[in-house]
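Me: Could you walk me through the packing of this model? I'd like the cut-offs along the way.

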Amino acid sequence: MRRALGWAGGRLRGPEASVSGRMCSGGGGGDGADRRFPLAGRVAVITGSTDGIGLAVARRLGRDGAHVVLSSRQQENVTRAVASLQAEGLSVSGTVCHIGKTEDRERLVAKALEHSGGVDFLVCVAGVNPLVRSTWEASEQIWDKILDVNVKSPALLLGLLVPHMEKRGAVVLVSSTVAYSPFKLLGPYNVSKTAILGLTKTLALELKPKGIRVNCLAPGLIKTNFSQVLWKNEKILKDIQNLHQVSRTGKPEDCAGVVSFLCSPDAGYITGETIVVAGGSPRL
């Protein structure tokens, strides 16, 4: 389900780079913001952002005016993604971060604060799924890894960032349509993505007094390296397309505009919600 969200992204150039979006505290209102660059002057931290959905989101937020802090587990991937986006004229920095490691989360926060001393947006895309089997076949180690990276670590990272996001922040967590319609080969991964829906609701309630909005993106089948075990299997692909009544696989860019909207002043009255991007969804 793609909502009609409506601005055109542009490349940040010249004097527009200094336009501050922080005049719209907590992402509300927005009358004073430059509509060409709705995120101008803001700082966005994005996990799992050197490929797939994360990279598409980073590009879109950068084009909409934000300084973007990329992260992933491999330095070569960070270096490549930063160079690629900088070549497009975007304001980007990056660092290695395995979101499941305390020291890496702390380094990511420190890197983000280097830019202007604060953070406006956190987008948690990083996730793992080391098992393509049923739930009852998963070992304790598999359960620990999936829940640690997919559920616990985003909350811990946000805990480090909250003092730097008060009265100006927006968070987007990434779940999946498997939270609503579980896929039988994804076992614990289904459970972890369902937990993200609850985490979104809980954090939205807890952080509302601090002026931080928390929302969720639930993609369907998006064609990325992470999901290739599904879209490269012709039978699985047809089953998913029939379920969602769509004729194509989603693209990372299908998600990027939704995330930018949720971070923008236009979404200032939205918190605790999940937007499904699946080309149609049987969840309602």
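Me: Which residues of helix 3 are buried?

Reply: Happy to help! This is a predicted model, where local features need pLDDT of at least 70, side-chain atom pairs count only at pLDDT 80 or more, and totals for chains, interfaces and linings use all residues. Residues are numbered from 1 along each chain as its sequence is written, and side-chain values use heavy atoms, leaving out hydrogens and water. Helices are DSSP runs of H or I with at least four residues, strands are E runs of at least two, and both are numbered from the N terminus; buried means under 20% relative accessible area (1.4 Å probe, protein chains only). In helix 3, residues 102–116, the buried ones are Asp104, Arg105, Leu108, Val109 and Ala112.

Me: Why do the buried residues of helix 3 line one face?

Reply: Look down the axis of helix 3 and take the directions from the helix axis to the C-beta atoms. The buried residues line one face because they fall within an arc of 140°.

Me: Which helix is included in what covers the buried residues of helix 3?

Reply: Cover here rests on contact, meaning heavy atoms within 4.5 Å. It includes strand 1, strand 2 and strand 3 (92–96). The helix included is helix 4 (140–165).

Me: Which element gives the largest share of the largest nonpolar core?

Reply: A nonpolar core is a set of buried Ala, Val, Leu, Ile, Met, Phe, Trp, Tyr and Cys residues joined through side-chain atoms within 4.5 Å. The largest has 36 residues, with Ile46 and Leu70 among those touching the most other members. Seven residues, the largest share, come from helix 8.

Conventions: Buried < 20%, exposed > 50% of the residue type's maximum accessible area, 1.4 Å probe, protein only.
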